[in-house]
Amino acid sequence: MIEFKIDYAQFSFMARVVMDIETGEDFHKPSNLRFYKSMTRYKSGLVVYDGNPNTEKRLAVMSGKTCENMGVDVAFINKSREWGAKYSRLDIAMTTTQEILPLIKKDHKKVVSEKFSEGKQIANFEDYPETLIFGDMSKRSKKGMVRCYDKALQMGLDGVMLHRIEVENRRNDAEIAAKRLGGGATMASVMNSRWRVDTDWYRDMMTDEIATQRFSPDEPVEVTEIEKKMAWLMKQVVPSMKYVIEYDKSNGTHNFKLLMKRLGMDYQGFDNT
């Protein structure tokens, strides 16, 4: 299973505009952000900064949790244009049940990116899982960075496989990403345009049919449990079964029949001729 989502959003918008998402005020106090005089936090988690003497715009900031609470998606990005939104940060996260972190470590020299340098491994943090970072941290505010890590470990989930790639788009790259998403590009294609691993396993993962269906810019498609299982079987199991059948045909063996028996199936019609 693969899931894409917007994991952080930050944009400026016209100060005279009151967004329809500015509801349920939590608190209002002096700003902790340079140049802005005040900040308002809403119960959704949305934070709006105001009072910058250098611009007629306010600044909206939504963390990953806030994006999830508010359902920030492509439709939201298009809606925000009505408020005059210009994005200065837009993060896209891809979470998968495949164990990809060891593969990224192994193939880190095959990473293709114009913005991010070779990854480095950050390990043994007391409170955080092992993480791979791509990008120059000293230039993160301008160029962003890429994080690859074990999401299940971070969440304290035992017996669950959840690995995640997060791509930070900052400054002009964020606005370009927002325009592309609004224009119909998938989150997968926007992510790949900034960072990808030039290997077959990565290409197969990112072109997963469920990902293409579920995360099109149109109305989300509900993916059933059997569809998820079938997609996994088609990707992970069928190629191996095909290999076994071809091997049996070439060598006169009966491995596939044994497999069918193990499954409790009476396979008729298969022979090695």
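This report describes a predicted model of one protein chain, from its overall make-up to a few residues around helices 5 and 6.

**The chain as a whole**

The protein chain contains eleven helices and twelve strands. Of its 273 residues, 42% are buried. Among contacts with a separation of 6 or more, 59% are between residues 24 or more positions apart. The chain exposes about 15,900 Å², and carbon and sulfur atoms supply 50% of that area.

**Helix 5**

Helix 5 covers residues 151-155. K151 has its place in this helix, and M155 is found there too. The two residues fall into separate classes of exposure: K151 is buried because its relative accessible area, 16%, is under the 20% cut-off. M155 has a relative accessible area of 49%, which lies between 20% and 50%, so M155 counts as partly exposed.

Which residues does K151 touch, leaving aside those up to four places away in sequence? They are L162, H163 and R164. The C-alpha atom of K151 is also 9.3 Å from that of I165, a residue 14 places from K151 along the chain.

M155 takes part in a nonpolar patch on the surface. Its partners there are L157 and V160, and the patch has an area of about 250 Å².

**R171 and the positive patch**

R171 is found in the loop between strand 11, residues 163-170, and helix 6, residues 172-182. On the surface, R171 gathers with K139, K142 and K143 in a patch of positive charge. Is R171 buried, exposed or partly exposed? With a relative accessible area of 48%, R171 is partly exposed, because this value lies between 20% and 50%.

The table sets out the three residues for which a relative accessible area has been given.

| Residue | Place | Relative accessible area | Class |
|---|---|---|---|
| K151 | helix 5 | 16% | buried |
| M155 | helix 5 | 49% | partly exposed |
| R171 | loop between strand 11 and helix 6 | 48% | partly exposed |

**Helix 6**

After R171 comes helix 6, which spans residues 172-182. Its buried residues are D173, A174, E175, A177, A178 and L181. Several of these are three or four places apart, including A174, A177, A178 and L181. An α-helix has 3.6 residues a turn, so residues three or four places apart point the same way.

What covers the buried residues of helix 6? The cover includes helix 2 (74-80), strand 6 (86-96), strand 11 and helix 7 (187-194). Just after helix 6, G184 takes a positive phi of about 115°.

Key. Residues numbered from 1 in each chain as written. Predicted model: local features only at pLDDT ≥ 70, side-chain atom pairs only at ≥ 80, totals over all residues. Heavy atoms only, no water. Patch = residues over 30% accessible without salt bridge, like charges linked within 9 Å, V, L, I, M, F, W, Y side chains within 5 Å. Areas by Shrake-Rupley, 256 points an atom, 1.4 Å probe, with all protein chains shown as cover. Salt bridge = Lys/Arg side-chain N within 4 Å of Asp/Glu carboxyl O. Lys, Arg positive; Asp, Glu negative; His and termini not counted. Charge placed at Lys NZ, Arg CZ, Asp CG, Glu CD. Helix = DSSP H or I, 4+ residues; strand = E, 2+ residues; numbered from the N terminus. Buried < 20%, exposed > 50% of the residue type's maximum accessible area, 1.4 Å probe, protein only. Contact = heavy atoms within 4.5 Å.
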